[in-house]
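Morning, everyone. Please have the viewer open, and stop me if I go too fast.

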Amino acid sequence: MATVFEDVGKRAIEHLDYVGSLNIQLWSTLRAMKTALPLVGNRYRWQATVRQMLQIGYDALPMVSLMAACSGFILAMQGASELRRFGALSYVVDLVAVGFTRELGPLLTAIAVSGRSGSAFAAEIGTMKVTEELDSLRVLALEPIEFVLAPKYLAALICIPCLSIISNSFGIIAGGMFMFFSTRLAPLLYLRYVMESIALRDVITGLIKSLAFATIIAHVGSLEGFRVRGGPDSVGRSTTSAVVKSTFLVIVADAIFTTIFYFTGAR
Amino acid sequence: MPIISVRDLVVEYEGRRILNKLNLDIEAGETMVLLGGSGSGKSTLLRQIIGLERPRSGSVIVKGVDITNCSSSELKRIRHSIGVAFQSAALFNSLSVEENVALPLREHTALAPSIIDLMVWMKLAVVGLADFGKLYPQALSGGMKKRGAVARALALDPEILVLDEPSAGLDPIVAAGLDELILLLKRTFQMTVIVVTHEMASAFHIADRVAMLYQGSFSSVGTKEEIKASQNPRVRQFLDRVPEDMARASAVSAYFEKYLKRNGAFQ
């Protein structure tokens, strides 16, 4: 019995330690972020941020767009098959437009970026730890948080909301294609219905979620890298752990945000 | 007054004592070699001297500042006067050799890019890599990487140069070349050099003084002549290359002989 309690207690302490480390890392990064900004920050950090933006944003564009298009098409098809029975086919437009803007666009983007970039952050930082590059930074009087993490976090904060908007667009366009082929709904009319069904607050709540997801992906991926102990095998474990934990936390955060928006009327 | 002073230093990992109340003074301008077998605590002592880890108790005073108990800004200031080349070289893989050497100059000085380029070329020329600055670390041999790490360590013209196992894993010719480089640096720049090694020939070639570590304590500290003449059993064992436990070795061979006889291998 004591062993069960010990095990539960040990796991609880480990989880608290993880959450504490995430918090410390987040605040340290926020303090260091000004160095990664253009004009007012360090020129080399901004260059690193731009490189990261290309990797997180530009390189992920085809994947995110295709995922969103497929999901938009599927959502419209599934919605149409049920709503048609009630003579409410026109609500497919609302379903796709509102569903993507509030929910699916940011969530699909976060899951795609978590798989691509979250694991890449963990692998890069973990390898730097194993090869003593992080120690090299410290002895050169450079802070790894400022040098490695701040550009990644700033790039994620810029790119993930942009990718979410692109994802929304592709999802809605795919829904429109389905409506055109199945009901001959004219594209311009579809667009008008879309504009009528979504409000500015839907876009804003989606973007707020994207910023939270960017924070989770950048920090969980990086923390997993910083926590690597031992050799190359632990780098592999850290990348897996980064994807699993960040995807899980993104979904939990999405549920929390949606609940808050639902009860505050922002939806 | 010594430039580095280690006082009653105790380091423990997970309850295991690695360094046991060490005391050591290193004078400005001398080459101190830390000699000892694998697991004797050489690299741990080195990490304490460069402020990468905090001890359980005791102090490490560098240029009059106790780096085990000082502010992070003070530690950064001290680190500007210490150049470190790690055992694995730890050059940043995402930067070319010349970018690696330029990094501390870009980050800690306000020098014009043309001056930085000139200084980088000079540092690379000192270590014999002037023609290889554009290459990335992956394209270099082990010896070239180590020389690149020395060039980066020299970038800010440090007063103290710390080298962790500079000749480990290198062929005798390259290792001898690195020894000559250390002697040249000491003669030219009047630096204090601390070298961790277990290569006796190299140690006695470059050292002014040798500190011999055994199981976390100094078994002997003195000039190379004093160490060579020492009658300390641990020093003699190391110098005369006597295996750790002959009694245990013969017991193991006796066991195998008995095992093979019992299983009929000698029939």
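I'll go through two backbone oddities, a helix pair, one methionine and the contact between two chains. Keep in mind that this is a predicted model.

Start with the backbone. Most residues other than glycine have a negative phi. Two residues here go the other way. The first stop is A:Glu132, whose phi is near 65°, so positive in a residue that is not glycine. Where does A:Glu132 sit? In the loop of chain A between helix H4, residues 91-130, and helix H5, residues 133-139. Buried or exposed? A:Glu132 has 21 other C-beta atoms within 10 Å. The cut-off for buried is 20 or more, so A:Glu132 counts as buried.

Now move along to A:Ala141. Its phi is positive too, about 60°, and A:Ala141 is not a glycine either. This residue is in the loop that runs between H5 and helix H6, residues 144-183, of chain A. A:Ala141 has 19 other C-beta atoms within 10 Å. Buried needs 20 or more and exposed needs 12 or fewer, so A:Ala141 is partly exposed.

Next, the helix pair. Look at H4(A) and H6(A). Their axes come within 7 Å. The crossing angle is roughly 145°. What is the handedness where H4(A) passes H6(A)? Right-handed. As for the residues of this contact, 17 are nonpolar, 8 are polar and 1 is charged.

On to the methionine, A:Met53. Find helix H2 of chain A, residues 43-58; A:Met53 lies there. Which residues does A:Met53 contact, once neighbours within four places in sequence are set aside? A:Ala155, A:Ile158 and A:Cys159. The C-beta count for A:Met53 is 19 others within 10 Å. That falls short of the 20 needed for buried and is above the 12 for exposed, so A:Met53 is partly exposed. One distance to note: A:Met53 and A:Leu223 are 170 residues apart in sequence, and their C-alpha atoms are 19 Å apart in space.

Last, the chain contact. On chain A, 11 residues are in contact with 16 residues of chain B. Which element gives the most to the chain A side? H5(A), with 5 residues. By class, that side of chain A has 5 nonpolar, 2 polar and 4 charged residues.

To tie up: H5 of chain A is the helix after the loop with A:Glu132, and the loop with A:Ala141 lies between H5 and H6. H5(A) is also what gives the most to the side touching chain B. That's my tour. Over to you.

Technical notes
Residues are numbered from 1 along each chain as its sequence is written. Chains are lettered from A and ligands numbered from 1 in the order in which they are written. This is a predicted model: local features need pLDDT of at least 70, side-chain atom pairs count only at pLDDT 80 or more; totals for chains, interfaces and linings use all residues. Helices (H or I, at least four residues) and strands (E, at least two) are DSSP runs, numbered from the N terminus. Two residues are in contact if their C-beta atoms, placed from the backbone, lie within 7 Å. Ala, Val, Leu, Ile, Met, Phe, Trp, Tyr, Cys and Pro count as nonpolar, Asp, Glu, Lys and Arg as charged, and the others, Gly among them, as polar. Axes are lines fitted to C-alpha atoms, for helices over the stretch in contact, and angles run from 0 to 180 degrees between N-to-C directions. A crossing is left-handed if the near helix is turned anticlockwise from the far one by less than a right angle, and right-handed if clockwise.
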